[in-house]
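Student: I should like a close look at the salt bridges in this model, and at how they are placed within the fold. Please give one connected account.

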Amino acid sequence: MNMRVEEHLQQDVLPKFRISLKDWIATSNEELIASQVDIEEVAESLNKMYNEQKLTLACDFKVLDDWRRDVNRMANRVQLDEENILLRVNPTQLLLKGAGKLFSSILQNQTLLYNQYKKYIESQDYQDITESMLAKFFMQFNLFEKNLEVDIELFFEKPKEVLKETIEETQAHINENQDVLSHMKANPEAYHDPLTLFQLRLRQYELMVKATEEVHYNV
């Protein structure tokens, strides 16, 4: 029985499973590339606001390489441990075993015994054995799935760091300019025209921070 299960796994299950995993990698690659394109468009918009090439938001595509390696390793190293499929012992099974020892030399009784064993095996419920095999088969894939959220966080980690640093830097400029603006407001006669220009510049910084924070939150 274990040999038949292994044969079914290698010839029927794994070839289809490998195709599904390959399709998943291809789809993931497309989605990650689309995310990178969206982030680059955001960076371009922010750079226009700053009037300089200030932001470079590059995601970490090494994550996808790691996925390819792990998926390939898991899909090609699947081997189930043998299960004691007829583990349960009941009176019927004991009777059949006893009959086998008693009548093993008689051909007619061997045929009868074979039919009885066949009937016994076909009538059993193998749900628990099936669940045990499935749990072992999917164990490494379940561990892989649990780490996907962390991997996706790593994919966006660098853009998040850049946006966070930009927010802090721009906020520092705002605070500094607000101090200067307060001084200018306190002495308007000396800074009448520059005051208007400074207010506009401060408003520009505030809009930059707001836009950058929104991007950082969405990423």
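Tutor: In this predicted model, the count of salt bridges comes to eight. Side chains of opposite charge can pair when their charged atoms come close. Helix α2, which spans residues 62–76, offers a clear place to examine such pairs.

Consider R68 and D65 to begin with. These two residues form a salt bridge in which the closest N and O atoms are 3.1 Å apart. R68 and D65 are three residues apart in helix α2, so about one helical turn separates them. Both partners are partly exposed: R68 has a relative accessible area of 38%, and D65 stands at 44%. Each value falls between the limits of 20% and 50%, and therefore neither residue counts as buried or as exposed.

A second pair repeats this spacing. The side chains of D66 and R69 meet in a salt bridge with an N to O distance of 3.5 Å. D66 and R69 are likewise three residues apart in helix α2, so they too are separated by about one helical turn. D66 is partly exposed because its relative accessibility is 22%, the cut-off for a buried residue being under 20%.

The third pair joins R73 to D70, with 3.7 Å from N to O. Both residues lie in helix α2, three residues apart, which corresponds to about one turn of the helix. The two partners differ in their burial class: R73 is partly exposed at 36% relative accessible area, whereas D70 is buried at 16%.

Some of these residues also belong to a wider arrangement. K62, D66, R69, D70 and R73 are linked in a network of salt bridges. Within that network, D70 is a buried member, while D66 and R73 are partly exposed.

Acidic residues also appear in another setting. D60, E157, E161, E165 and E168 form a negative surface patch. One of these residues, E165, is found in helix α7, which covers residues 157–186.

The segment that precedes α2 also merits attention. N51 is placed in the loop between α1 and α2. Its phi is near 60 degrees, a positive value in a residue other than glycine. Most residues other than glycine have a negative phi. N51 is exposed, with a relative accessible area of 61%. By contrast, N47 lies in helix α1, residues 2–50, and counts as buried because its relative accessibility is 6%. Leaving aside residues up to four places away in sequence, N47 touches E52, Q53, K54 and L55.

The setting for these details is a chain whose secondary structure comes to eight helices and zero strands. From the N terminus on, the elements run α-α-α-α-α-α-α-α. Of the 219 residues in the chain, 27% are buried. Among contacts with a separation of 6 or more, 81% are between residues 24 or more positions apart. The accessible surface of the chain comes to about 15,400 Å², and carbon and sulfur atoms account for 54% of it.

Technical notes:
Residues are numbered from 1 along each chain as its sequence is written. This is a predicted model: local features need pLDDT of at least 70, side-chain atom pairs count only at pLDDT 80 or more; totals for chains, interfaces and linings use all residues. Side-chain values use heavy atoms; hydrogens and water are left out. Helices (H or I, at least four residues) and strands (E, at least two) are DSSP runs, numbered from the N terminus. Buried means under 20% relative accessible area, exposed over 50%, partly exposed in between (1.4 Å probe, protein chains only). Contact means heavy atoms within 4.5 Å. Patches are made of residues with over 30% relative accessible area and no salt bridge: like charges are joined within 9 Å, nonpolar side chains (Val, Leu, Ile, Met, Phe, Trp, Tyr) within 5 Å. Accessible areas come from the Shrake-Rupley method with a 1.4 Å probe; for residues, only the protein chains shown count as cover. A salt bridge is a side-chain nitrogen of Lys or Arg within 4 Å of a carboxyl oxygen of Asp or Glu. Lys and Arg count as positive and Asp and Glu as negative; His and the chain ends are not counted. The place of a charge is taken as NZ of Lys, CZ of Arg, CG of Asp or CD of Glu.
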